[in-house]
Amino acid sequence: MIKNSLLIFFFSIILSFTYAYARLEVVATEENGISHSDGLRFDSENNLFVANEKAHNILKITPQGEISVFADQNDGLVEPECIAIKDNILFVSDDATGTVFRFEAPHKGSVFLNRSNGILQPEGLAFDSKGNLFTADEERFCIFKITPDKQISVFADFTSGIITPEDLIFDNKGNLYVADDEAGAIFKFRADGSYTLLLDRSNGLIAAESISFDSKGNLFISDSGSNIVYKLSANSKLVPVLSPKDGLSRPEGIAFDNQDNLYISDNIKSRILKITKD
């Protein structure tokens with residue numbers, strides 16, 4: 001087991017944001033095995049799973065701060081990117097091999113999808129309420145829908161304006177949100193496939209990397225172009241939550257725990273940050 005992350009809370013910074021978050025903490029660093037981490041997801045027991053791209057593994061961080069390797073190269077991982085969790089089963093996209101893995105337990109995984117299924121470079125993963133898995137394919141410029149019986153179809157493609165879809169998440173009404181870094185955009189897709197361009201570079205985004213909702217349905221966006229994490233306000237304005245002036249270098253994955261604390265993967269500095277709700 002990797003060193004307990006509670007021992008390496010190197011600093012706490014009181015933030016001066018108008019937003020209702022007050023304390024920034026370092027949860028894990030390179031010393032704990034973080035190496036250019038990407039996607040983040042919490043399971044139902046509030047364990048955080050980290051796609052650790054350059055270390056070729058998935059790390060698990062418990063609510064008590066204990067860190068362990070959940071899956072690694074011995075399980076076939078090369079460059080894990082994003083994570084989705086359904087019934088405490090982990091699905092992991094690996095864009096280097098064009099594979100989506102399925103893990104029922106630590107180091108107990110199997111190939112769920114690969115290039116033989118037509119998927120070339122999987123990125124973001126998300127489940128809808130019916131158990132359908134959606135995966136973004138950066139090389140195919142599209143989003144695939146995979147039913148529980150593994151029927152695969154194209155849900156959305158480049159005709160909607162998608163260029164390099166990075167991250168996916170559903171809201172509580174069943175709408176699918178897509179972060180596209182090359183387009184610098186956030187798309188909102190309804191169940192019937194119709195869509196709205198929610199945000200783009202005209203709103204100040206540069207490279208939309210990851211998206212997440214808090215418990216109140218507020219949308220948060222990490223922008224790896226401006227190196228800012230934003231909250232989308234009620235009047236559709238981008239409100240900075242964390243930026244380079246706070247020491248942020250390159251935000252990638254973001255996720256909320258069950259207490260509405262926001263976790264951020266700071267890729268360049270190889271660390272996981274936590275912004276504690278006030």
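## A four-strand sheet and two loop residues

In this predicted model, 4 strands form an open sheet in the order S3-S4-S5-S6, and their pairing is antiparallel. Strand S3 (37-42) and strand S6 (67-71) stand at the edges. Each has a single partner strand, so one side of each is left without a neighbour in the sheet. From one strand to the next, the twist averages 30°.

Strands of a sheet pair through backbone hydrogen bonds, either parallel or antiparallel. How many bridges join strand S5 to S6? There are 4, and the two strands run antiparallel. Strand S5 covers residues 57-61. Across this pairing, lysine 60 stands opposite serine 68 in S6.

Now to the loops. Asparagine 88 lies between strand S7 (80-86) and strand S8 (89-94). Its phi is positive, about 60°, although asparagine 88 is not a glycine. Is asparagine 88 buried or exposed? Its relative accessibility is 36%, so asparagine 88 counts as partly exposed, because that class lies between the limits of under 20% for buried and over 50% for exposed.

Lysine 150 sits in the loop between strand S13 (142-146) and strand S14 (152-156). Lysine 150 is not a glycine either, yet has a positive phi of about 65°. With a relative accessible area of 38%, lysine 150 is partly exposed.

The table sets out the two loop residues.

| Residue | Phi | Relative accessible area | Loop |
|---|---|---|---|
| Asparagine 88 | about 60° | 36% | between S7 and S8 |
| Lysine 150 | about 65° | 38% | between S13 and S14 |

Technical notes. Residues numbered from 1 in each chain as written. Predicted model: local features only at pLDDT ≥ 70, side-chain atom pairs only at ≥ 80, totals over all residues. Heavy atoms only, no water. Buried < 20%, exposed > 50% of the residue type's maximum accessible area, 1.4 Å probe, protein only. Pairing = 2+ DSSP bridges. Axes fitted to C-alpha atoms, helices over the stretch in contact; angles between N-to-C directions.
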